[in-house]
Structures are given as structure tokens and as C-alpha cells.
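This report describes strand pairing, one backbone feature and the nonpolar cores of a single chain. The sequence and structure are shown first.

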Amino acid sequence: GWREGTGNRANTLGSLAMGVPDGKTGWRYAGRVGTGFSDRALTDLAKRLTPLERKTPTVDVERPEARGVHWVKPTIVGEVTYSEQTPDGRLRHPVWKGLRPDKTPEDLRD
């Protein structure tokens with residue numbers, strides 16, 4: 001999913017809500033990434049994500065984290081780098097690296 005941007009990003013994405021496969025149960029919320037995006041990447045992601053919007057999340061996420069998120073059907077894969085994972089599975093200091101058109105969400109379950 002994504003949150004709308006503010007300030008310099010007022011008409012585009014502010015951050016992405018990330019999900020990772022969680023075994024047989026579906027998807028697990030892994031936090032948000034808001035750095036590492038070029039202006040072009042933000043525009044492209046907005047175009048790709050808007051048609052995938054849905055009313056409910058595909059991940060189990062606490063209410064404060066879910067506020068303001070436009071949830072999407074998980075059909076595209078992105079890559080991030082991060083410093084570590086927290087005990088609850090959140091990515092600490094994630095930085096967007098780009099889309100992975102060579103991968104599908106199903107590839108991540110292997």
C-alpha cells in the first residue's frame with residue numbers, strides 16, 4: 001500500500017507500506033519505506049498502484065500504522081535494503097532500491 005505525500009511530495013506517494021510472505025498464512029506487515037525514491041520512481045509507482053487499490057489490507061497491521069494507507073492487491077515486487085529486522089519483523093531503516101519486474105509475489109514464497 002501507500003500513504004499520500006506531504007510537502008514536496010504533496011501530489012504523489014509519501015511512503016510505501018511493505019508486506020512480505022509469511023509462510024502459509026499470507027502476508028506479514030514489514031513497515032514502511034519512504035526514502036530512496038527518485039521523482040520518476042514515485043510517478044511510476046503511483047500509476048502502477050492506483051488501479052490495484054482495495055479497501056482492506058492483505059496484512060495484519062495495527063490501527064495506527066494502517067491509518068491513511070491506500071491498500072493494494074500484492075501483485076508487484078520491490079526491493080529494499082535495510083539495517084536489521086526488529087523482533088516483530090519490521091525492517092529498520094529501509095531504503096527503496098527499485099521494482100523487481102523479474103519477480104512475482106509467488107516467487108517470494110519459495
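A residue is called exposed when its relative accessible area is over 50%, and buried when that value is under 20%. The model discussed here is predicted.

By this cut-off H93 counts as exposed, because its relative accessibility is 57%. H93 is placed in the loop between β9 (91-92) and β10 (95-99). Its phi is near 55°, a positive value in a residue other than glycine.

Strand β2 takes part in two antiparallel pairings, with β1 and with β3. The table lists them with one facing pair of residues for each.

| Pairing | Residue ranges | Bridges | Facing pair |
|---|---|---|---|
| β1 and β2, antiparallel | residues 2-4 and residues 13-21 | three bridges | W2 and L16 |
| β2 and β3, antiparallel | residues 13-21 and residues 27-33 | six bridges | V20 and R28 |

L16, which stands opposite W2, also belongs to the largest nonpolar core. That core has 15 residues, and the members touching the most others are L13, L16, V33, F37, L45, L49 and W96. At least two core residues come from each of β2, β3 and α1 (39-49). Another core, of seven residues, lies apart from this one and includes W27, Y29, V61 and W71.

Which residues are in contact with W96, leaving aside its neighbours within four places in sequence? They are L16, V33, T35, G36, F37, L45, G78, E79 and V80. Among these contacts of W96, L16, V33, F37 and L45 are likewise among the core members that touch the most others.

Note on methods
Residues are numbered from 1 along each chain as its sequence is written. This is a predicted model: local features need pLDDT of at least 70, side-chain atom pairs count only at pLDDT 80 or more; totals for chains, interfaces and linings use all residues. Side-chain values use heavy atoms; hydrogens and water are left out. Two strands pair if DSSP finds at least two bridges between them. Helices (H or I, at least four residues) and strands (E, at least two) are DSSP runs, numbered from the N terminus. Buried means under 20% relative accessible area, exposed over 50%, partly exposed in between (1.4 Å probe, protein chains only). A nonpolar core is a set of buried Ala, Val, Leu, Ile, Met, Phe, Trp, Tyr and Cys residues joined through side-chain atoms within 4.5 Å. Contact means heavy atoms within 4.5 Å.
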